[in-house]
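Good morning, colleagues. Please look at the sequence and the structure on the screen, and I will then take you through several of its features.

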Amino acid sequence: MDLLNTLVDKGLRRELPTRDEALAVLATSDDDVLDVVAAAGKVRRHWFGRRVKLNYLVNLKSGLCPEDCSYCSQRLGSTAGILKYTWLKPEEASRAAAAGLAGGAKRVCLVASGRGPTDRDVDRVSDTIKAIKDQNENVEVCACLGLLSDGQAERLREAGADAYNHNLNTSEGTYGEITTTHTYADRVDTVQKAHAAGLSACSGLIAGMGESDEDLVDVVYALRELDPDSVPVNFLIPFEGTPLAKEWNLTPQRCLRILAMVRFVCPDVEVRIAGGREVHLRTLQPLALHLANSIFLGDYLTSEGQAGKADLEMIADAGFEVENAGEVTLPEHRAPSGGGCGSHAESGCGSHEGAGCGAGAEAGCGSHEGAGVCAPAPAAVAEAPADARTDLVSVRRRGAGTDLAPNA
């Protein structure tokens, strides 16, 4: 059986691909990218139909972060000209959230820069959650506040939070090259705390930081092992003034292959196209909807995104529909417990050593006959595109923290 047919069959059964199969997806040629999208699209439609979930970011506290994450414009030492402000008041955050909800967003993501929240910060965010839910009964609220201390996840859950986001970002093996002020294990611990508190865990990655194919597969397998309900896939926005400003390693086709690999490894999870889609997918954004079932609407934390109206038009033109507030995002087998594949052997997930979406030790991609996809040996690092599109990186100057209307 050829590679793509094998991966589709496994995806429909929630069975883990082998590492070689996942690497082979990343190693396919640009000539075969439409075949890859079509195959992964079958898995996406099987579990999520043609629905697209809209999410909206509210940056509660921007900049002034003591951590040294190399990719981040809010990091310690960043000279990026971003908006900097301290905590929004609950009513200010609620007004900001209302704009995204009016545009069709189903989930509001409340984000604050910093290593992690103090207990007073948790009180602030709890008041903000209440303010938003008082105005919007059916809204989902996800908090993203950094590393959690014992008991904080439970307090957020009691305050009405539905989910908690904390990304792994990159593989354990290369994490120390990206961040030195905290560890990969710290991040894993926070995702586990969110799970244990009954919050829906949201954890994803950043692609384009100079990582190898093996690193990408490692982090996605680690994510599956952690079993989040949603996996945001960010594409590095190379901000001037950050250590990774010159890392332009992605092409639209490369981004599509990464999204397809994530879908095959985590078939029944909410895969979200997050930051950087406008910068790196560009005119191929509609194709990515065949792979991911969730996007952010409008702007991001510190960068400007595509106009909310354009997002809605793109979804409609591509033949998809916005998921309504009353619809359940996750497949029935995941939704009741808020969990996913985890270690359930009957779902084909196995025990997956490491931390993620599986660690299938067995090799073998099949014979790849008949699909027009003969994958070469995976390259160590993707070849950088010829032209870096620095003109596509725009700092957010509207919405939360300003007096200007948001881009929703």
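Helix α1 and helix α3, the latter formed by residues 33-48, pack with their axes 9 Å apart and at an angle of about 15°. That angle makes α1 roughly parallel to α3. On the α1 side, the contact is made by Leu4, Leu7, Val8, Gly11 and Leu12. On the α3 side, the residues involved are Asp35, Val36, Ala39, Lys42, Val43, His46 and Trp47. The crossing of α1 past α3 is right-handed. I should say at once that this is a predicted model, and that every value I quote is computed from it.

A second helix pair invites comparison. As a reminder, two packed helices are described by the angle between their axes and the distance between the axes. For helix α4, residues 90-102, and helix α5, residues 119-135, the axes lie 8 Å apart and the packing angle is about 45°. This makes α4 oblique to α5. Here, too, the helices pass in a right-handed crossing. From α4, the residues Pro90, Ala93, Ser94 and Ala97 take part. They meet Asp127, Thr128, Ala131, Ile132 and Gln135 in α5.

Let me now step back to the whole protein. It contains 13 helices and 10 strands. Of its 408 residues, 60% count as buried. If we consider contacts with a separation of 6 or more, 79% of them are accounted for by residues 24 or more positions apart.

I turn next to helix α8. This helix covers residues 184-196, that is, 13 residues. From its first C-alpha to its last it reaches 19 Å, close to the 18 Å expected at 1.5 Å a residue. Which residues of α8 are buried? They are Tyr184, Arg187, Val188, Thr190, Val191, Lys193 and Ala194. Against which elements do these buried residues pack? The helices among their partners are α6 (152-159), α7 (175-178) and α9 (213-226). The strands are β4 (163-165) and β5 (200-202). After α8 comes Gly198, with a positive phi near 90°.

Within this helix, I would single out Ala194. With a relative accessibility of 1%, Ala194 counts as buried. Setting aside neighbours within four places in sequence, Ala194 is in contact with Ala153, Tyr164 and Leu199. In addition, the C-alpha atoms of Ala194 and Glu154 are separated by 7.9 Å, although these two residues are 40 residues apart along the chain.

A second buried position is found in strand β8, residues 270-273, where Arg272 is placed. Arg272 counts as buried because its relative accessibility is 1%, under the 20% cut-off. What does Arg272 touch, not counting residues up to four places away in sequence? Its partners include Asn55, Arg107 and Cys202. Also among them are the run Ser230, Val231, Pro232 and Val233, and the run Ser294, Ile295 and Phe296.

The mention of Cys202 brings me to the cysteines. A disulfide is a covalent bond between the sulfur atoms of two cysteines. How many disulfides does a search of the whole structure find? The count is zero. Why does Cys202 not form one? For the sulfur of Cys202, the closest cysteine sulfur is that of Cys142, at 5.0 Å, which is too far for a bond. Cys109 gives a similar picture: its closest cysteine sulfur also belongs to Cys142, at 4.8 Å, again too far for a bond. The cut-off in this reasoning is 2.5 Å. Both cysteines are buried: Cys109 has a relative accessible area of 5%, and Cys202 has one of 1%.

Finally, a word on backbone geometry. Most residues other than glycine have a negative phi, and most peptide bonds are trans. Against that background, two arginines deserve attention. Arg14 is not a glycine, yet its phi is positive, at about 60°. Arg14 is found in the loop between α1 (3-12) and α2 (19-27). Arg282, likewise not a glycine, has a positive phi of about 50°. The loop that holds Arg282 lies between α11 (277-280) and α12 (285-288). Is Arg282 buried or partly exposed? At 27% relative accessibility, Arg282 counts as partly exposed.

Thank you for your attention.

Terms used
Residues are numbered from 1 along each chain as its sequence is written. This is a predicted model: local features need pLDDT of at least 70, side-chain atom pairs count only at pLDDT 80 or more; totals for chains, interfaces and linings use all residues. Side-chain values use heavy atoms; hydrogens and water are left out. Buried means under 20% relative accessible area, exposed over 50%, partly exposed in between (1.4 Å probe, protein chains only). Helices (H or I, at least four residues) and strands (E, at least two) are DSSP runs, numbered from the N terminus. The expected span of a helix is 1.5 Å times one less than its number of residues. Contact means heavy atoms within 4.5 Å. Axes are lines fitted to C-alpha atoms, for helices over the stretch in contact, and angles run from 0 to 180 degrees between N-to-C directions. Angles under 35 degrees count as roughly parallel, over 145 as roughly antiparallel, 65 to 115 as roughly perpendicular and the rest as oblique. A crossing is left-handed if the near helix is turned anticlockwise from the far one by less than a right angle, and right-handed if clockwise.
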